[in-house]
Amino acid sequence: MEALHAPWRIDYILGPKSPPGDASIFTEIAQSNDDEANYVIARSRHCFAVLNTYPYNGGHVLIVPYQQAPDFDDLTDEENLDANYQRASNGARLLELCQS
C-alpha cells in the first residue's frame with residue numbers, strides 16, 4: 001500500500017493539541033457563532049456542514065450532527081435524514097462552484 005502524503009497537513013500534525021477531557025473541536029464549532037472562521041458552510045436543525053481545514057482532498061466536507069454519538073445508528077431517524085440531506089445538498093452546491 002502506498003503512503004498518502006499531504007504536506008499541507010504538517011501544521012495540524014505538529015500543532016498544539018487540546019488536552020483530554022476538553023470539548024471536541026466539533027463541539028466548539030457547534031457552539032460558536034463565527035461560521036466563517038470555522039469554515040461552516042451550512043447549519044440545519046440537527047447538524048452542520050464544515051469544510052475540513054486540513055483535507056487530503058480539496059473540498060472535503062464534514063457533516064457533523066449536534067448530538068454526539070459513537071455511531072450514526074445511535075442518531076434518531078430525523079437526525080439521520082437531516083445529515084443525509086446536508087450531504088446531498090452541500091455536495092451538489094460545491095460541485096456547481098467547482099464547475100463555474
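**Entry 1. Salt bridges**

I began with Glu78, which counts as partly exposed at 44% relative accessibility. The model is a predicted one, and I kept that in view throughout. I then looked up the partner of Glu78 and found that its side chain meets that of Arg45 in a salt bridge, with an N to O distance of 4.0 Å. The pair joins distant parts of the chain: Glu78 belongs to helix α4, residues 77-99, while Arg45 sits in the loop between β1 (40-43) and β2, and 33 residues separate the two. I noted that Arg45 is exposed, its relative accessible area being 67%.

I asked how many salt bridges a search of the whole structure finds. The search returned two. Besides the pair of Glu78 and Arg45, I recorded a salt bridge between Arg43 and Asp35, with the closest N and O atoms 2.8 Å apart. Arg43 is partly exposed at a relative accessible area of 30%. Asp35 is likewise partly exposed, with 25%.

**Entry 2. Overall fold**

I next read the secondary structure along the sequence. The chain holds four helices and three strands, and their order follows the pattern α-α-α-β-β-β-α. I also looked up burial: the chain has 100 residues, of which 23% count as buried.

**Entry 3. Largest pocket**

I turned to the pockets and asked which residues lie nearest the centre of the largest pocket. They are Tyr12, Ile25, Ile29, Thr53 and Tyr54, out of a lining of 22 residues. I listed the elements that contribute two or more residues to this lining: α1 (10-14), α2 (25-31), α3 (35-38) and β2 (47-51). Helix α2 gives the most, with four residues. The space in the largest pocket comes to about 580 Å³. By class, I entered 12 nonpolar, six polar and four charged residues for the lining of this pocket.

**Entry 4. Second largest pocket**

For the second largest pocket I noted a volume of about 270 Å³. Its lining has 17 residues, and those nearest the centre are Val64, Pro65, Gln67, Gln68 and Ala69. Two or more residues of that lining come from each of α2 and β3 (61-65). I asked which element supplies the largest share of the lining here. The element is α2, with four residues. I therefore have α2 as the leading contributor to the lining of the largest pocket and to that of the second largest pocket, on the DSSP runs used for helices and strands. The classes in this second lining are 11 nonpolar, five polar and one charged.

**Entry 5. Tyr12 and the nonpolar patch**

I returned to Tyr12, having met it among the residues nearest the centre of the largest pocket. Tyr12 is found in helix α1. I asked whether Tyr12 is buried, partly exposed or exposed. Tyr12 is partly exposed, because its relative accessible area is 43%, between the limits of 20% and 50%. Tyr12 also forms part of a nonpolar surface patch of about 430 Å², together with Ile10, Ile13 and Leu14.

**Entry 6. Backbone at Tyr39**

I looked up the backbone angles at Tyr39, where phi is near 60°, a positive value in a residue other than glycine. I set down the background for this reading: most residues other than glycine have a negative phi. Tyr39 is placed in the loop between α3 and β1. Its relative accessibility of 43% makes Tyr39 partly exposed.

**Entry 7. Two separations in space**

I closed with two C-alpha to C-alpha distances. Leu62 and Ala83 are 21 residues apart in sequence and 10.0 Å apart in space. Leu62 lies in strand β3 and counts as partly exposed, at 24% relative accessibility.

For the other pair, I asked how far apart His60 and Val50 are in space. The C-alpha atoms are 8.6 Å apart, and the separation in sequence is 10 residues. I located His60 in the loop between β2 and β3. With 35% relative accessibility, His60 counts as partly exposed.

Definitions and conventions: Residues are numbered from 1 along each chain as its sequence is written. This is a predicted model: local features need pLDDT of at least 70, side-chain atom pairs count only at pLDDT 80 or more; totals for chains, interfaces and linings use all residues. Side-chain values use heavy atoms; hydrogens and water are left out. On a 1 Å grid over the protein atoms alone, a cavity is a set of points where a 1.4 Å probe fits but cannot get out, and a pocket is an open set with protein on both sides within 12 Å along at least five of seven lines; lining residues have an atom within 4 Å of a point. Grid points are joined across faces, edges and corners, and a volume is the space filled by probe spheres set on the points. Ala, Val, Leu, Ile, Met, Phe, Trp, Tyr, Cys and Pro count as nonpolar, Asp, Glu, Lys and Arg as charged, and the others, Gly among them, as polar. Patches are made of residues with over 30% relative accessible area and no salt bridge: like charges are joined within 9 Å, nonpolar side chains (Val, Leu, Ile, Met, Phe, Trp, Tyr) within 5 Å. Accessible areas come from the Shrake-Rupley method with a 1.4 Å probe; for residues, only the protein chains shown count as cover. Buried means under 20% relative accessible area, exposed over 50%, partly exposed in between (1.4 Å probe, protein chains only).
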